[in-house]
Amino acid sequence: MAAPLLLLFDIDGTLLGGAATAHAQALHEALEQVHGVNARRVKIPIDPSGRTDPEIARALLLSVGVSAEQIDERADRVRDECCRAYARLCPQDLSQTVLTGIPDLLAWLAGQSDVLLGLLTGNYEPVARLKLRSAGLGRWFPSDQGAFGSDSEDRTMLPAVARRRAGSVGAPHPRERTVVIGDTPRDIACARADEVGIVAVATGRYSADALGDADAVAGDAGELRGELERLL
């Protein structure tokens, strides 16, 4: 019997739009608490889209002269402080940020016997879980599945982490039955790094043309359902 199709969803720009304000504030508070850096006054030297929380934190800290050694030593403290701050700052209701058609799409996927849902996001896991719970989508994503910025700073490592969690001991979920769903070129790059499938959605900052290296590109949740129906 074939393994279920493991679908790994990004969050910001893929499931939600405009839900990152409190998240950014929490990371800024963490950097100030741990490193004494007022990140609000720092122009981030990279595009944060599709990057992990610790990668964004590193870029901000390096830009103001914090050493890589100190960043490494305090990375866990930054993560913990960010998650604590987000628990305080997260709006109770983020349902207005859910992208059109996503609830129906997830309900349909959850009803498919040969589908396993998971997350693949640069968010720290507690941030990701709380964000989706506040948006009313948390129930679709099992707590023991997925991969997060708290698993690795390097996003290209995350599909392999998610496949290990979805598989059995010594036998990760098969690559040919794994698909990343995201809205940035970095989602495409991380899927390619692990040689898994990738369906991009042009619902974030990037156009369909900019996402053309994906296996398929959908303009919205309705088109995404069509692409996933073909895979199933």
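## Overall form

With 232 residues, a compact globule would be expected to have a radius of gyration near 17 Å, and the chain, with its 17 Å, agrees with that expectation. The model is a predicted one, and every value in this report is computed from it. Along its principal axes, the C-alpha trace of the chain spans about 55 × 40 × 35 Å.

The chain contains 9 helices and 5 strands, and, when it is read along the sequence, these elements follow the pattern β-α-α-α-α-α-β-α-α-β-α-β-β-α. Among the contacts that join residues at least 6 apart in sequence, 66% are between residues at least 24 apart.

## Surface and burial

Of the 232 residues of the chain, 49% count as buried. The accessible surface comes to about 10700 Å², and carbon and sulfur atoms account for 48% of that surface.

Helix α2 gives a local view of burial, since 8 of its 11 residues are buried and the helix is therefore described as mostly covered, buried meaning under 20% relative accessible area. The buried residues of α2 are Asp53, Pro54, Ile56, Ala57, Arg58, Ala59, Leu60 and Leu61, and what covers them includes α1 and α3, the latter made up of residues 68-73. Just after α2, Gly65 takes a positive phi of about 95°.

## Charges and salt bridges

The chain carries 25 positive and 33 negative side chains, and the centres of these two sets lie 4 Å apart. Side chains of opposite charge can pair when their charged atoms come close. In this chain the count comes to 19 salt bridges, and the pairs described below are among them.

One of these salt bridges is formed by the side chains of Asp47 and Arg205, at 3.0 Å from N to O. Asp47 lies in the loop between α1 (21-35) and α2 (53-63), while Arg205 lies in the loop between β4 (197-201) and β5 (216-218), so the pair ties together parts that are 158 residues apart in sequence. Asp47 is partly exposed, with a relative accessible area of 24%, whereas Arg205 is exposed, with a relative accessible area of 64%.

## Pairs around α6 and α7

What separates Arg129 and Glu125 along helix α6? Both residues lie in this helix, which runs over residues 125-135, and they are 4 residues apart, about one turn of the helix. Their side chains meet in a salt bridge of 3.3 Å, N to O. Arg129 counts as buried because its relative accessibility of 18% is under the 20% cut-off, while Glu125, with a relative accessible area of 22%, is partly exposed.

Another salt bridge joins the side chains of Arg165 and Asp151, at 2.7 Å from N to O. Arg165 lies in helix α7 (residues 158-166) and Asp151 in the loop between α6 and α7, so this pair ties together parts that are 14 residues apart in sequence. Arg165 is partly exposed, with a relative accessible area of 35%, and Asp151, at 29% relative accessibility, also counts as partly exposed.

Salt bridges can also be followed from residue to residue in this model, as Asp10, Arg155 and Asp187 are linked in a network of them.

## Two residues in loops

In which loop is Glu195 found, and is this residue buried or exposed? Glu195 is found in the loop between α8 (185-194) and β4, and it is exposed, with a relative accessible area of 62%. Glu195 has a positive phi of about 60°, although it is not a glycine.

Arg41 has its place in the loop between α1 and α2, and it is exposed, with a relative accessible area of 76%. Arg41 and Ile71 are 30 residues apart in sequence, and the distance between them in space is 19 Å, taken from C-alpha to C-alpha.

How values were computed
Residues are numbered from 1 along each chain as its sequence is written. This is a predicted model: local features need pLDDT of at least 70, side-chain atom pairs count only at pLDDT 80 or more; totals for chains, interfaces and linings use all residues. Side-chain values use heavy atoms; hydrogens and water are left out. The radius of gyration is taken over C-alpha atoms; the globule rule is 2.2 Å times the number of residues to the power 0.38. Buried means under 20% relative accessible area, exposed over 50%, partly exposed in between (1.4 Å probe, protein chains only). Contact means heavy atoms within 4.5 Å. Accessible areas come from the Shrake-Rupley method with a 1.4 Å probe; for residues, only the protein chains shown count as cover. Lys and Arg count as positive and Asp and Glu as negative; His and the chain ends are not counted. The place of a charge is taken as NZ of Lys, CZ of Arg, CG of Asp or CD of Glu. A salt bridge is a side-chain nitrogen of Lys or Arg within 4 Å of a carboxyl oxygen of Asp or Glu.
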